[in-house]
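Okay, everyone, thanks for coming. Let me put the structure up on the screen, and then we'll walk through it together.

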Amino acid sequence: MKLAKFDKKFYNNLEDKEKILINKGIFYTINLGNKKVGIVGFIPSKFSDKQGFIQIIIKQEFRGKGLLEQAEDLLAKKHELEYLFATIKKDNIASIKSHKKAGFKKINIFKRLFLIKKGLLQTNEVRLYKKY
Ligand SMILES: CC(C)(COP(=O)(O)OP(=O)(O)OC[C@H]1O[C@@H](n2cnc3c(N)ncnc32)[C@H](O)[C@@H]1OP(=O)(O)O)[C@@H](O)C(=O)NCCC(=O)NCCS
């Protein structure tokens, strides 16, 4: 697997493209051999350039093969990230399941309530994190 230059046209043709935000982050096309299999990137945290919010889409036909974990680990390595955070809608079961499988953990209830109170997390979202 390789992280290649972000391909806007490929991204625009992806199903589910509205599930990620690409306006203010660092993005790559995920290549597997000579095939484009998805988009991965992160929005850097305001507090540290070693932390960011993950954004990922795997093309439909390549899902369920563990590519999420591989792509996110490559991204974290490339940018020497210490933490990746994921904000995921509660009904996005595939994404929650896949991130947990990749080693992400839920933030604790007190942090969750704090973020909700501050307007940084919606009640219909979960916040996960992975330490690298
Ligand atoms: C989330 C996403 C990137 C996961 O990528 P992936 O490479 O398929 O992840 P994995 O290979 O780890 O597989 C995901 C897990 O979800 C499961 N899964 C796949 N589709 C599912 C669905 N519709 N409902 C429930 N589970 C599903 C798979 O069975 C797999 O679990 P398993 O290995 O225990 O069987 C991919 O589903 C996707 O691109 N979704 C649309 C965009 C999106 O939601 N991005 C995340 C925004 S936070």
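So, a quick heads-up: this is a predicted model. Let's begin with the ligand. By class, the shell of residues around the ligand splits into 10 nonpolar, five polar and six charged residues. Which residues come nearest? Out of the 21 around the ligand, that would be Arg 63, Leu 68, Ala 94, Ser 95 and Ser 98.

And where does that shell come from? Four elements each put in at least two residues: β4 (51–58), α2 (67–78), β5 (83–89) and α3 (93–101). The biggest contributor is α3, whose six residues make up the largest share of the shell.

Keep β4, α2 and β5 in mind, because together they form a right-handed β-α-β unit. The two strands of that unit, β4 and β5, are paired in the parallel sense, with three bridges. If you want to find one on the screen, look at Gln 51, whose bridge partner in β5 is Tyr 83.

Now let's zoom out to the sheet. What's the strand order? It goes β1-β2-β3-β4-β5-β7-β6, seven strands in an open sheet with mixed pairing. Why do β1 (2–5) and β6 (105–106) count as edges? Each of them has a single partner strand, so one side of each has no neighbour in the sheet.

For anyone new to this: strands in a sheet pair through backbone hydrogen bonds, and they can do that parallel or antiparallel. We've had a parallel pair, so here come two antiparallel ones. β5 pairs with β7 (residues 125–131) in the antiparallel sense, over seven bridges. On that side, Phe 85 has Tyr 129 in β7 as its bridge partner. Then β6 and β7 are also antiparallel, over two bridges. There you can spot Lys 106 standing opposite Leu 128 in β7.

While we're around here, have a look at Lys 89, which sits in strand β5. Is Lys 89 buried or exposed? Somewhere in between: it has 13 C-beta neighbours inside 10 Å, so it counts as partly exposed. Leaving out neighbours within four places in sequence, Lys 89 is in contact with Asn 124 and Glu 125. And here's a nice one for thinking about folding up a chain: Lys 89 and Val 126 are 37 residues apart in sequence, yet their C-alpha atoms are 6.3 Å apart in space.

Next, the inside. In soluble globular proteins, nonpolar side chains tend to be buried together. In our model, the largest nonpolar core has 21 residues, and the ones touching the most other members are Ile 30, Val 40, Ile 56 and Ala 71. Two or more residues come from each of β2 (26–32), β3 (35–44), β4, α2 and β5. The top supplier to this core is α2, with five residues.

Take Val 40 as an example. Setting aside residues up to four places away in sequence, Val 40 touches Leu 3, Tyr 28, Ile 30, Ile 56, Ala 71, Glu 72 and Leu 75.

Last stop: Phe 110, in helix α4 (residues 109–117). Buried or exposed, what do you reckon for Phe 110? Phe 110 has 8 C-beta neighbours inside 10 Å, so it counts as exposed. Compare its position with Ile 30 from the core: the two are 80 residues apart along the chain, and their C-alpha atoms are separated by 36 Å.

That's my tour. Over to you for questions!

Methods: Residues numbered from 1 in each chain as written. Predicted model: local features only at pLDDT ≥ 70, side-chain atom pairs only at ≥ 80, totals over all residues. Near = placed C-beta within 6 Å. Nonpolar A, V, L, I, M, F, W, Y, C, P; charged D, E, K, R; others polar. Buried ≥ 20, exposed ≤ 12 C-beta atoms within 10 Å, placed from the backbone. Core = buried A, V, L, I, M, F, W, Y, C linked by C-beta atoms within 7 Å. Contact = placed C-beta atoms within 7 Å. Pairing = 2+ DSSP bridges. Right-handed = clockwise from strand over helix to strand, strands pointing away.
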